[in-house]
Amino acid sequence: MELIIASQNQNKLVEFKKILGDKINLFSLSEIGLNQEIPENEKTIKKNAMFKAKFVNIQTGKNVFADDTGLEIDSLNGEPGVYSARYSGVKRNSDKNIELVLTKLKNKSNRNSRFKTIISLILDGKSVNFEGVVEGKITEEKRGNNGFGYDPIFQPNGYASTFGEMSLKEKNKISHRSIAINKMVQYLKENNLL
Ligand code: IMP
């Protein structure tokens, strides 16, 4: 089956393609000639994901899914959360975002956090959401150069490595995004679409 993924984020595209393999024929926005940036102004991760999917579905009339992800840190009252991409004020500047998180967590002993992904799927006009959560800790300093975003400071519970120190294959086995996407795959199978 064919699905459009409502994202311009190349890192996410790579992850999605790797997780989905050839089960789904995935088209990125640039592949269908939609090059405008989709607004992400909602107040929750779920609303952002739903908005992005709807935005592309209205423009193309095609089946589409969008994901929105946030890093929630307990001792920062759930920040950066829905503001994860622009936490430092500079949109998608991961170095600055990481720096700000580490500064705010200086001397804080509770470093519990989680990545949360919501995937919003619009299939034949019907909207369904899938959630993926991975619990972990924010490290004292950056470790590893793999992945993207906050990966170098997120150490999933039960693992000695940060996401930044893991290969994409290792990250995809346990990540928030793969949990959500596997739920979507399950849903498509149950509905005889895969
Ligand atoms: P988005 O709005 O879903 O694109 O994601 C918001 C921000 O969360 C991104 O700009 C990244 O900084 C961060 N983020 C999303 N997914 C991940 C991930 O898998 N690892 C690390 N950071 C991520």
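In the predicted model, the buried residues of helix α5 are H176, R177, S178, A180, I181, M184, V185, Y187 and L188. The cover over these buried positions is provided by elements that include the strands β1, β3 (64-73), β5 and β6, together with the helices α1 and α4 (168-174). Helix α5 comprises 15 residues and spans 21 Å from its first C-alpha to its last, which is close to the 21 Å expected at 1.5 Å a residue. The helix is followed by N192, a residue whose phi is positive, near 55°.

Two of the buried residues of α5, I181 and M184, also belong to the largest nonpolar core, which has 20 residues and in which L3, L26, F65, I119, L121, I181 and M184 touch the most other members. At least two residues of this core are supplied by each of β1 (2-5), α1 (10-20), β5 (112-123), β6 (126-138) and α5 (176-190), and the largest share, six residues, comes from α5. With residues up to four places away in sequence set aside, L26 touches L3, I5, F16, K17, L20, E31 and F65, and of these L3 and F65 are, like L26 itself, among the core members that touch the most others. A second core, separate from this one and made up of 17 residues, includes L76, V101, L105 and M166.

The ligand is surrounded by 15 residues, of which K12, T69, D151, K171 and R177 come nearest; R177 is also one of the buried residues of α5. An N or O atom in the side chain of K12 is placed 2.6 Å from an oxygen atom of the ligand, while a polar side-chain atom of D68 lies 3.1 Å from a ligand oxygen atom. On the side of the ligand nitrogen atoms, one such atom is found 2.6 Å from a polar side-chain atom of D151. The ligand taken alone exposes 470 Å², and 97% of that area is buried by the protein.

A further buried position occurs outside the helices and strands, in the loop between β2 (25-28) and α2 (45-60), where I38 is found. Because its relative accessible area is 6%, I38 counts as buried, the cut-off being under 20%. Apart from neighbours within four places in sequence, I38 is in contact with A6, L29, F51, K52, F55 and V56. The C-alpha atoms of I38 and N57 are 12 Å apart in space, the two residues being 19 residues apart in sequence.

Note on methods:
Residues numbered from 1 in each chain as written. Predicted model: local features only at pLDDT ≥ 70, side-chain atom pairs only at ≥ 80, totals over all residues. Heavy atoms only, no water. Core = buried A, V, L, I, M, F, W, Y, C linked by side-chain atoms within 4.5 Å. Buried < 20%, exposed > 50% of the residue type's maximum accessible area, 1.4 Å probe, protein only. Helix = DSSP H or I, 4+ residues; strand = E, 2+ residues; numbered from the N terminus. Contact = heavy atoms within 4.5 Å. Near = heavy atom within 4 Å. Polar contact = N/O pair within 3.5 Å; in protein donor to acceptor, adjacent residues only side chain to side chain. Areas by Shrake-Rupley, 256 points an atom, 1.4 Å probe, with all protein chains shown as cover. Expected span 1.5 Å × (residues − 1).
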